[in-house]
Amino acid sequence: MLYIALMLANYFHDLAVAMLAASVVVIHLAGRIMGADEGRRDILVHLVRGMSRVAWWSLGYVIVAGAIRAWFVMDFEWNPLVEKQGMLIALGFKHVLLVGLTVFGIVGMRRIREQYRDHEK
C-alpha cells in the first residue's frame, strides 16, 4: 500500500508543478487581454485572486510532497534505477525541468502580486 501512496504522491507532485506554472501563464494572458478594459478589470482581479490561490496551494503541495519524495528517494527511485543509467539521466532531466518551472511559477506569482496589489479589495 505504501508503494501506491508514494507513487500517487510523486505523480501529484509533478502535476502540482504544472498547475503552478500554468496558473502564472493564465494570469499573464488574461491580464494582457482584459487589463486595458476598465469594465473587465473587476473580472481580472477575481481571476487573479482565484488563480493565485491555486498557484500557492500547488507550491505548498510541491514542497510537502517533495519532502516525502526526498525521504524515500533511495528506496523507490534511486536504487531501482542505478542499473539503468538512461533512467537516471531522464530522472535528472525531469527534475531540472520541474525546478525551472517551479522557479518560473514563484517569480511569476511575485510579479503578479506586485502588479495587482493596488486592485485587491
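Me: In which helix does Arg 53 lie, and is Arg 53 buried or exposed?
Reply: Happy to start there, with the note that this is a predicted model. Arg 53 sits in helix α2. Its relative accessibility is 52% and the cut-off for exposed is over 50%, so Arg 53 in α2 counts as exposed.

Me: How many Å apart in space are Arg 53 and Leu 20, C-alpha to C-alpha?
Reply: In sequence, Arg 53 and Leu 20 are 33 residues apart. In space, their C-alpha atoms are separated by 9.8 Å.

Me: Which order do the elements of the chain follow from the N terminus on?
Reply: The chain has three helices and zero strands. Helix α1 covers residues 2–34 and helix α2 covers residues 38–81, while helix α3 covers residues 85–116. From the N terminus on, the order is α-α-α.

Me: What share of the contacts with a separation of 6 or more comes from residues 24 or more positions apart?
Reply: Contacts here are heavy atoms within 4.5 Å. Among those with a separation of 6 or more in the chain, residues 24 or more positions apart account for 77%.

Me: Which residues are joined into one network by salt bridges that share partners?
Reply: A search of the whole structure turns up two salt bridges. In one of them, the side chains of Asp 14 and Arg 69 meet at 2.9 Å, N to O. Lys 94 also forms a salt bridge with Asp 14, with the closest N and O atoms 3.1 Å apart. Shared partners thus give one network of Asp 14, Arg 69 and Lys 94.

Me: How many residues apart in sequence are the parts tied together by Asp 14 and Arg 69, and by Lys 94 and Asp 14?
Reply: Asp 14 is in helix α1 and Arg 69 is in helix α2, so their salt bridge ties together parts 55 residues apart in sequence. Lys 94 is in helix α3 and Asp 14 in helix α1, so that pair links parts 80 residues apart. The two values are therefore 55 for Asp 14 and Arg 69, and 80 for Lys 94 and Asp 14.

Me: Is Arg 69 buried or exposed, and how does Lys 94 count?
Reply: Buried means under 20% relative accessible area. Arg 69 has 8%, so Arg 69 is buried. Lys 94 has 24%, so Lys 94 counts as partly exposed.

Me: Which residues does Ile 112 contact, leaving aside its neighbours within four places in sequence?
Reply: Ile 112 belongs to the largest nonpolar core, which has 13 residues, and is among the members that touch the most others. Helices α1, α2 and α3 each supply at least two residues of this core. In soluble globular proteins, nonpolar side chains tend to be buried together. Beyond its sequence neighbours, Ile 112 contacts Val 24, Ile 27 and Val 48.

Me: Which helix supplies the largest share of the nonpolar patch?
Reply: The patch covers about 990 Å², and its residues include Met 1, Ile 4, Tyr 11, Phe 12, Val 54 and Tyr 61. Both α1 and α2 supply at least two residues. With seven residues, the largest share comes from α1.

Me: What kind of aromatic pair do Tyr 11 and Phe 12 form?
Reply: The whole structure holds one aromatic pair. Tyr 11 and Phe 12 have ring centres 5.2 Å apart and 65° between the planes. The cut-off is over 60 degrees, so this pair is edge-to-face.

Technical notes:
Residues are numbered from 1 along each chain as its sequence is written. This is a predicted model: local features need pLDDT of at least 70, side-chain atom pairs count only at pLDDT 80 or more; totals for chains, interfaces and linings use all residues. Side-chain values use heavy atoms; hydrogens and water are left out. Helices (H or I, at least four residues) and strands (E, at least two) are DSSP runs, numbered from the N terminus. A salt bridge is a side-chain nitrogen of Lys or Arg within 4 Å of a carboxyl oxygen of Asp or Glu. Buried means under 20% relative accessible area, exposed over 50%, partly exposed in between (1.4 Å probe, protein chains only). A nonpolar core is a set of buried Ala, Val, Leu, Ile, Met, Phe, Trp, Tyr and Cys residues joined through side-chain atoms within 4.5 Å. Patches are made of residues with over 30% relative accessible area and no salt bridge: like charges are joined within 9 Å, nonpolar side chains (Val, Leu, Ile, Met, Phe, Trp, Tyr) within 5 Å. Accessible areas come from the Shrake-Rupley method with a 1.4 Å probe; for residues, only the protein chains shown count as cover. Rings of Phe, Tyr and Trp (its six-membered ring) pair if their centres lie within 6.5 Å; planes under 30 degrees apart count as stacked, over 60 as edge-to-face and the rest as tilted.
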